[in-house]
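Trainee: I should like to learn how to read a protein model feature by feature. Would you take me through one, giving the general idea before each case?

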Amino acid sequence: LIVDGIPLVINDGGTGGDDKPQTALVGMWQGVINGYYKEVWGLDGDNYMTVLEFFSDGNGRQLDYDRYSPRTDYAYTTFSWMQTQDAVTIAYASDSQLSSIRIADFALTDYEFTGRMAYGDKTFSFDLGRITSFDWAPYEEPSQAAPAGRGLAAKRKMASQVIRRGIFAGR
């Protein structure tokens, strides 16, 4: 836009580098994280998948599972996340014994989330597609119902869930 010969840039007031979750990532994603299941869980084969759900409040949950026995062989972990202009950081519940993930090399559309993630000193590629529904009920403990109260204290009580079953247990 040019006014009186002076170019103007329209700014929506955003800083561009804030740490608020971006709406494109909010939602559920399902797919494969190559090498992750072997390195992190010690599992061989290509029959493992991951579902991630990013909530707009900066919390989320992850399910790693065996696609042939998803109700008996799985790891369910909650996390907090932050997205900036150039990276997504996932910090797992402290009792999960999982390292934080930094995703700085990625492509994100309304339907696909792909790229490379740094997990400790390892790097894994991933390919996730957006899904619109997933039955989380079989993977959540009954205690995961929303606690009484409001605000962050109540959310934090719910935010530390780590459940491992079957081949994921004890790892």
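The dialogue below moves from the overall fold to strands, rings, cores and single residues.

Mentor: Please keep in mind throughout that this is a predicted model.

Trainee: Let us begin with the fold. How many helices and strands are there in the protein chain?

Mentor: One starts by listing the elements in order. The protein chain has two helices and 11 strands, and along the sequence they follow the pattern β-β-β-α-β-β-β-β-β-β-β-α-β.

Trainee: What share of the residues of the protein chain counts as buried?

Mentor: Burial is read from relative accessible area. Of the 171 residues, 37% count as buried. The accessible surface of the protein chain is about 9700 Å², and carbon and sulfur atoms account for 51% of that surface. Contacts add a further view: among those between residues at least 6 apart in sequence, 49% join residues at least 24 apart.

Trainee: How should I read the pairing of strands? Which strands does E6 pair with?

Mentor: One follows the bridges from one strand to its partners. Strand E5 (residues 59-66) and E6 run antiparallel and are joined by seven bridges. E6 is also joined to strand E11 (residues 162-165) by four bridges, again antiparallel. With strand E7 (residues 88-92), E6 pairs in the antiparallel sense over five bridges, and a hairpin of four residues joins E6 to E7.

Trainee: Which individual residues are bridge partners here?

Mentor: Tyr74 is a useful residue to locate. Tyr65 has Tyr74 of E6 as its bridge partner, while Tyr74 has Arg165 in E11 as a bridge partner. For the pairing with E7, Ser80 has Ala91 as its bridge partner.

Trainee: Is E6 mostly covered or mostly open?

Mentor: In a regular strand, side chains alternate between the two faces of the sheet. One then counts the buried residues in the particular strand. E6 is mostly covered, with eight of its 10 residues buried.

Trainee: I turn now to the aromatic rings. How many aromatic pairs does a search of the whole structure find?

Mentor: For each pair one reads the distance between ring centres and the angle between planes. The search finds 17 aromatic pairs. One of them is formed by Phe54 and Trp81, which is edge-to-face, at 5.1 Å centre to centre and 80° between the planes.

Trainee: Why does the pair of Phe54 and Trp81 tie together parts that are apart in sequence?

Mentor: Phe54 belongs to strand E4 (residues 48-54) and Trp81 to strand E6 (residues 74-83), so the pair ties together parts that are 27 residues apart in sequence. Phe54 and Trp81 are both buried.

Trainee: Why is the pair of Tyr119 and Phe124 called tilted?

Mentor: The angle decides the class, and planes between the stacked and edge-to-face limits of 30 and 60 degrees are called tilted. The ring centres of Tyr119 and Phe124 are 6.3 Å apart and the planes stand at 45°, so this pair is tilted. Tyr119 counts as buried at 10% relative accessibility, as does Phe124 at 5%. Ring pairs link Tyr119 and Phe124 into a cluster that also includes Tyr36, Tyr37, Trp41, Tyr48 and Phe168.

Trainee: How many residues has the largest nonpolar core, and which have the most contacts inside it?

Mentor: One looks for buried nonpolar residues joined through their side chains. The largest such core has 27 residues, and Tyr36, Trp41, Phe54, Ile90 and Ile103 have the most contacts inside it. Elements giving two or more residues to this core include strand E3 (27-33), helix H1 (36-41) and strand E10 (122-131). H1 supplies the largest share, four residues. Apart from this core lies another, of 11 residues, among them Leu63, Tyr76, Ile131 and Tyr139.

Trainee: What does Tyr36 touch, leaving out residues up to four places away in sequence?

Mentor: Tyr36 touches Trp41, Gln62, Asp64, Tyr92, Leu98 and Phe124.

Trainee: Finally, where is Gln97 placed, and is Gln97 buried or exposed?

Mentor: For a single residue one combines location, backbone angle and accessibility. Gln97 is in the loop between E7 and strand E8 (101-108). Gln97 is exposed, with a relative accessible area of 69%, and has a positive phi of about 60° although it is not a glycine.

Notes: Residues are numbered from 1 along each chain as its sequence is written. This is a predicted model: local features need pLDDT of at least 70, side-chain atom pairs count only at pLDDT 80 or more; totals for chains, interfaces and linings use all residues. Side-chain values use heavy atoms; hydrogens and water are left out. Rings of Phe, Tyr and Trp (its six-membered ring) pair if their centres lie within 6.5 Å; planes under 30 degrees apart count as stacked, over 60 as edge-to-face and the rest as tilted. Buried means under 20% relative accessible area, exposed over 50%, partly exposed in between (1.4 Å probe, protein chains only). Two strands pair if DSSP finds at least two bridges between them. Contact means heavy atoms within 4.5 Å. Accessible areas come from the Shrake-Rupley method with a 1.4 Å probe; for residues, only the protein chains shown count as cover. A nonpolar core is a set of buried Ala, Val, Leu, Ile, Met, Phe, Trp, Tyr and Cys residues joined through side-chain atoms within 4.5 Å.
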